[in-house]
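Q: Please take a close look at one residue and the parts around it. I am new to this structure, so keep the steps short.

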Amino acid sequence: MPFLEVEPFTTAQATYVESEHAYLVTVSGKAPKITSGIALVEMSAPPHLEVEVKGWTGPLERGTETYTVHGVFRGPIAKTIKVHGSNRTETIEVHILASEQVPA
């Protein structure tokens, strides 16, 4: 039976799209084998956005599998967000994509 757990991550990045008032967050890592449904879950709202990497793991097997997950979170602009995983918490800088930089 799988369990909903916080998963480890190795990289995280975020872009704020001004025209959409939204954060595009991408997180990658290696999760235990037989992990599915990995998602970014909002823990607190912008401008102090914090997300947690969660997935369903089980039954447990040896080894890991790589993953990449994306999330979109709406709210006011901020310079940093926090990403929480089972192996660490990281404050990451947000890349700002100004309205005039968005392709038509």
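A: The account below starts at one residue and then follows its contacts outwards.

The model is predicted, so local features need pLDDT of at least 70 and side-chain atom pairs pLDDT 80 or more, while totals for chains, interfaces and linings use all residues. Numbering runs from 1 along each chain as its sequence is written, and side-chain values use heavy atoms, without hydrogens or water.

The residue is histidine 84, in strand β7 (residues 80-84). Strands are DSSP runs of E with at least two residues, numbered from the N terminus; helices are runs of H or I with at least four. Histidine 84 has a relative accessible area of 15%, so it is buried. Buried means under 20% relative accessible area, exposed means over 50%, and partly exposed lies in between (1.4 Å probe, protein chains only).

Now its partners. The side chain of histidine 84 makes a polar contact of 2.9 Å with the side chain of threonine 89. Such a contact is a pair of N or O atoms within 3.5 Å; within protein, one must be able to donate a hydrogen and the other to accept it, and residues adjacent in sequence count only if both atoms are side-chain atoms. Beyond its neighbours within four places in sequence, histidine 84 is in contact with Val6, Phe9, Met43, Glu50, Val51, Glu52, Val53 and Thr89. Contact means heavy atoms within 4.5 Å.

Take Val6 from that list. Valine 6 belongs to strand β1 (residues 3-6). At 27% relative accessibility, valine 6 is partly exposed. With residues up to four places away set aside, its contacts are Glu52, Val53, Lys54, His84, Gly85 and Ser86. Proline 32 is 26 residues from valine 6 along the chain, and their C-alpha atoms are 11 Å apart.

Phe9 is another partner of histidine 84. The charged end of arginine 88 sits over the ring of phenylalanine 9, 4.6 Å from its centre. The test is that NZ of Lys or CZ of Arg lies within 6 Å of the ring centre and within 35 degrees of the ring normal. Serine 28, in strand β3, also touches Phe9, along with Thr10, Thr11, Tyr67 and Thr68, residues up to four places away not counted. Serine 28 is buried, because its relative accessibility is 16%.

Next, valine 83. Not counting residues up to four places away in sequence, valine 83 touches Phe9, Ala12, Val27, Val51, Val53, Arg88, Thr89, Glu90 and Ile92. Valine 83 is also among the residues that touch the most other members of the largest nonpolar core, which has 21 residues. The others are Tyr23, Val25, Val27, Val53, Tyr67 and Ile81. A nonpolar core is a set of buried Ala, Val, Leu, Ile, Met, Phe, Trp, Tyr and Cys residues joined through side-chain atoms within 4.5 Å. Elements giving two or more residues to this core are β2 (11-17), β3 (22-32), β4 (35-44), β5 (50-57), β6 (64-74), β7 and β8 (89-97). β3 gives the most, with 4 residues.

Tyr23 leads to one last feature. The structure holds 1 aromatic pair. The rings of tyrosine 16 and tyrosine 23 have centres 4.7 Å apart and planes at 65 degrees, so the pair is edge-to-face. Rings of Phe, Tyr and Trp (its six-membered ring) pair if their centres lie within 6.5 Å; planes under 30 degrees apart are stacked, over 60 edge-to-face, and the rest tilted. Tyrosine 16 is buried at 3% relative accessibility, and tyrosine 23 is buried at 0%.
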